[in-house]
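Thanks for asking me to look this one over. Here are my notes, set out point by point so you can follow along in your viewer.

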Amino acid sequence: MAEPAQRAVVINPAKICQPIGAMYATLGINQAVPLVQGSQGCSTYVRYQFNRHFREPVNIAVTSFHEDAAVFGGRKNLIEGLYNLVLRYRPRVIGVVTTCSSETIGDDIETFVKEARKEIGRGLGEDILAQVSIVPIHTPSYAGSHVKGYDTASKAYLEYLAAPGQPNGRLNIIPGIINPGDIEEIKHLVREMGVDPLVIFDISDTLNAPMRLPKPLYPEGGTTAEELKDCANSQGTVALCRHAGGSGAQYLLRKFNLPAVLGPLPVGVANTDTFLENVQKITGAVIPPSVERERGILLDHMADTSQYTVMRRAAIFGDPDIVSAVTRVVCELGMEPVVVLSGTASKDFTAEVAGVTAEYGVTPDILSGSDLFAFEQLARERKAEVILGHSKGVDMAKDMRVPLVRVGFPVYDRVGLFRRPIVGYRGTLELMDRIINSILDFAYPEDKLHQ
Ligand code: SF4
């Protein structure tokens, strides 16, 4: 069967809708609530995705469109929704996240937000109004995936909140759609270099929170509104994922002249080396022996386990930055990537993966913006022996009788992976163990591993 572009339908998409990306970013802000300007379904399924990946409750509000809003517009819904949200929850930041329906109607949410602010000031007081920032974020799902939603939100929040002031000596990190454990690992690396990281959209605590009784209105942690303002005064910005957060870093470069580095996601030896070199270039910090030791342990593990990985054929799918980085790791392990898919279309992704695989003399089929149906066909043709991707690949892996190594978002058929990093040298060790143990657990026909 043809690629989705030549077909009438997409079968098993490897992407999610735009608003969830904007909400992913918003949930990394201290005392923030995403307010979905759309129908209840546009927020309920998102809550469900977050709950089953992070095993955490999340606050997501919705303006609850019904027939009248779909016909006459969502002005009344948004003004009332914002008023009630501030009245009951007193958030510091609200991200107004649009949806297919509100964008199709043509809701002018910027004007609606101004009207809502007047109502809140009149009804609840100017002091309460001054405490809350309300940021419109346009995320029509027919114009992009969750990756674009995160990227759009990164720019929207920084445009609205970042402001010049005194240099703070910190380094901005925009993580992209990665896990709390990954963010902790990045903070560890940067701090080992003696640099103070300012993580913009920091979900490391908000989506990995301790149990507190009675349950507080908001989890601890997250980037504060003051930090979002202050990030204009940092030494520079590293967007770990070019496609999810790159626009925020580029905005800070254009507006405040902060050096910006976009990717690659530091998974594997070469990409982590590049990340550390970039931190060094921006801040002047040196890479300490403790980090060199972590690198050495990773290299040792690679040498110790190469008999399990060399020449294994791998198929990889998911978000562009993760897939591109994991493809490099797979090559570093001596495996052969045979099919590589980004569910989000991107010319940069295709060029990046082609460049990485050319370095290692392998030629995978590279799919950009395609679906898991096309991916599976090629993975079967190219006799993939292991699949790397998120939980949407479970049925495919079972049908193909190959192991699925879970990476990316969402992972809902395993617990705890969101706490474990795959970035940095130590995270790559974790990823390697996942890959090798999956291979060892699996009874390949004609295989010598279990003899
Ligand atoms: S695709 Fe559009 S209508 Fe469907 S959940 Fe996403 S935003 Fe809502």
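The points below go through helix packing, helix faces, backbone details and a few individual residues.

1. Please keep in mind throughout that this is a predicted model.

2. Let's begin with a helix pair. Two packed helices are described by the angle between their axes and the distance between the axes. For helix H8 (residues 146-161) and helix H12 (residues 246-256), the angle is about 30° and the axes lie 6 Å apart. Angles under 35 degrees count as roughly parallel, and H8 and H12 are therefore roughly parallel to each other.

3. Who meets whom in that pair? On the H8 side the residues are Asp151, Ser154, Lys155, Leu158 and Glu159. On the H12 side they are Gly246, Ser247, Gly248, Tyr251, Leu252 and Arg254. Sorted by class, this contact of H8 with H12 holds three nonpolar, four polar and four charged residues.

4. Next comes helix H16 (residues 347-359), where a length check is easy to do. Its 13 residues, at 1.5 Å a residue, should span 18 Å, and the end C-alpha atoms are 19 Å apart, which agrees.

5. Which residues of H16 are buried? They are Phe349, Val353, Val356 and Thr357. These buried residues cover an arc of only 90° around the axis, which puts them on the same side of H16. The general background is helpful here: an α-helix has 3.6 residues a turn, so residues three or four places apart point the same way. On the other side of H16, the exposed residues are Lys347, Ala351, Ala358 and Glu359.

6. What covers the buried residues of H16? The cover includes helix H15 (320-332), along with strand S10 (336-342) and strand S11 (365-368).

7. H15 deserves a point of its own. The expected span for its 13 residues, at 1.5 Å a residue, is 18 Å, and its end C-alpha atoms are 18 Å apart, which agrees. H15 is mostly covered, with 13 of its 13 residues buried. Gly334 follows H15 and has a positive phi, near 80°.

8. Now for some backbone details you may want to inspect. Most residues other than glycine have a negative phi, and most peptide bonds are trans. Against that background, the bond joining Leu213 and Pro214 is a cis peptide bond, with omega about -5°. Pro214 sits in the loop between helix H10 (203-206) and helix H11 (225-230). The peptide bond from Gly263 to Pro264 is also cis, with omega near -5°, and Pro264 belongs to the loop between strand S8 (260-262) and helix H13 (269-283).

9. Two residues other than glycine have a positive phi to look at. For Asn12, phi is near 55°; this residue lies in the segment before helix H1 (18-26). Asn12 is partly exposed, its relative accessible area being 48%. For Arg55, phi is near 55°, and its place is the loop between helix H2 (41-54) and strand S2 (61-62). Arg55 has a relative accessible area of 43% and is partly exposed.

10. Gly169 is in the loop between H8 and strand S5 (171-174). With 40% relative accessibility, Gly169 counts as partly exposed. Gly169 and Gly236 are 67 residues apart in sequence, yet their C-alpha atoms are 9.2 Å apart in space. Beyond its neighbours within four places in sequence, Gly169 is in contact with Asn233 and Gln235.

11. Is Met302, in helix H14 (residues 289-309), buried or exposed? At 13% relative accessibility, Met302 counts as buried. Its C-alpha atom is separated by 6.8 Å from that of Leu333, which is 31 residues away along the chain. Setting aside neighbours within four places in sequence, Met302 is in contact with Val269, Glu332, Leu333 and Met432.

12. Finally, Val279 is placed in helix H13. Its relative accessibility is 0%, so Val279 counts as buried. Not counting residues up to four places away in sequence, Val279 touches Leu171, Met193, Val195 and Gly284. The C-alpha atoms of Val279 and Leu262 are separated by 12 Å, with their positions 17 residues apart along the chain.

Methods: Residues are numbered from 1 along each chain as its sequence is written. This is a predicted model: local features need pLDDT of at least 70, side-chain atom pairs count only at pLDDT 80 or more; totals for chains, interfaces and linings use all residues. Side-chain values use heavy atoms; hydrogens and water are left out. Axes are lines fitted to C-alpha atoms, for helices over the stretch in contact, and angles run from 0 to 180 degrees between N-to-C directions. Helices (H or I, at least four residues) and strands (E, at least two) are DSSP runs, numbered from the N terminus. Angles under 35 degrees count as roughly parallel, over 145 as roughly antiparallel, 65 to 115 as roughly perpendicular and the rest as oblique. Contact means heavy atoms within 4.5 Å. Ala, Val, Leu, Ile, Met, Phe, Trp, Tyr, Cys and Pro count as nonpolar, Asp, Glu, Lys and Arg as charged, and the others, Gly among them, as polar. The expected span of a helix is 1.5 Å times one less than its number of residues. Buried means under 20% relative accessible area, exposed over 50%, partly exposed in between (1.4 Å probe, protein chains only). The arc is that of the directions from the helix axis to the C-beta atoms.
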